[in-house]
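Biologist: Could you take me through one spot in this protein in detail? I would love the overall setting, followed by a close look at a single residue and its surroundings.

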Amino acid sequence: MDFEPLEAAAREALAPMAFDYFAGGSDDEATLRDNVAAWRRIRLRPRVLRDVSVVDTSTTVLGTPVALPVLVAPVGYQAMAHPGGECDAARGTAAAGSLYIASTVATTKLEDIAAVAGPRWMQVYVQKDRAQTEAMVQRAAEAGYSALVLTVDLPVVGRRRRDERNSFTLAPGLTVANFGLEMPSVAGQSGLAAQVGRDMDPNLTPSDIGWLHEVSGLPVLVKGILRGDDARAAVDAGADGVVVSNHGGRQLDTAIAGADALPDVVAAVGRDAEIYVDGGVRSGTDVLKALAMGARAVLIGRPMVWSLATGGAAGVEAMLRELQVELANSMALCGARSVAELTRDLIVA
């Protein structure tokens with residue numbers, strides 16, 4: 001799928017501050033650019049003389065069946081992209097047969113998202129007031145979310161220069177709906193950075209994985225890992241999965257791309273937990289590479305936002321279905337009839 005025209009159309013559809021929030025990275029945005037480039041650097045060694053008359057892109061994620069190994073990443077404040085916000089994004093994801101990950105900082109309450117969503121997980125930013133987080137994850141369990149995704153790479157906000165120039169804050173009428181909180185508005189500063197400093201707990205340790213599981217009864221994945229030793233520590237502390245991620249290039253600039261970090265994490269975790277990756281995935285071939293390298297599925301963020309901004313629920317569905325078509329095509333060209341046949345030997349070392 002050619003995402004550049006889609007992004008250009010989203011730029012036209014969105015207010016400049018909203019577009020910059022979704023599109024931007026931190027500092028010089030080197031990691032933002034490298035996330036896309038890293039997948040393109042990887043070369044494939046396809047198989048031939050295989051029967052690929054039928055190709056199946058379906059898989060399971062923590063036991064939940066999905067039609068394709070592309071999940072919708074947690075993205076905050078989606079009502080800035082489209083009036084339907086998180087509910088339209090969840091509807092489109094369900095229609096395509098995939099799984100939606102709701103953000104702690106959604107502009108829609110998690111219960112309202114659940115009412116229109118298909119399979120769903122709940123992303124977690126631990127609040128300084130731990131009782132707020134405990135209550136939220138218990139609400140998520142009651143609302144049918146089947147796993148928690150603990151984001152661990154936001155002890156502070158990376159220097160997002162676009163947000164600082166725009167004095168980023170939420171549009172009037174929008175709040176962090178799960179807590180009923182308004183975002184600060186500070187001239188010349190990022191309201192998001194102020195919100196994180198005000199509300200979110202920078203004191204996370206591996207013990208918080210077990211705590212979240214205990215208070216929710218749900219499996220816990222840990223998102224924001226770029227090192228094998230950190231992945232191993234998370235799994236040893238009880239994580240059911242890890243998400244290799246640099247937060248879309250929005251935290252530490254010049255951090256390693258997800259595609260480049262994935263092999264180290266796979267080597268450290270093995271089959272002890274499911275491994276996911278995000279950052280820069282823009283084609284079905286990118287998805288194939290991630291799975292061949294050991295990921296269970298990929299998470300996709302900005303392309304979903306551009307699709308939501310330009311087409312609402314139908315746009316999100318169309319984007320996911322196009323990625324599914326591209327993945328099936330790439331699988332056939334690699335001689336793979338199922339995602340189980342996407343193995344490491346397809347990747348040029």
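Modeller: The protein has 13 helices and 10 strands, counted as DSSP runs numbered from the N terminus (helices: H or I, at least four residues; strands: E, at least two). Its radius of gyration is 19 Å, close to the 20 Å from the globule rule for 349 residues, so the protein is as compact as a globular protein of that length; the radius is taken over C-alpha atoms, and the rule is 2.2 Å times the number of residues to the power 0.38. This is a predicted model, where local features need pLDDT of at least 70, side-chain atom pairs count only at pLDDT 80 or more, and totals for chains, interfaces and linings use all residues. Residues are numbered from 1 along each chain as its sequence is written, and side-chain values use heavy atoms, leaving out hydrogens and water.

Of the 349 residues, 58% are buried, meaning under 20% relative accessible area with a 1.4 Å probe, protein chains only.

Now for the close look: threonine 104 sits in the loop between strand S4 (100-102) and helix H5 (110-116). With a relative accessible area of 0%, threonine 104 is buried. What does the side chain of threonine 104 reach at 2.7 Å? The partner is the backbone oxygen of glutamine 123. Leaving aside residues up to four places away in sequence, threonine 104 touches Met122, Gln123, Val124, Tyr125 and Gln127, along with Met136, Val176, Asn178 and Phe179; a contact here means heavy atoms within 4.5 Å.

Note on methods: Buried < 20%, exposed > 50% of the residue type's maximum accessible area, 1.4 Å probe, protein only. Polar contact = N/O pair within 3.5 Å; in protein donor to acceptor, adjacent residues only side chain to side chain.
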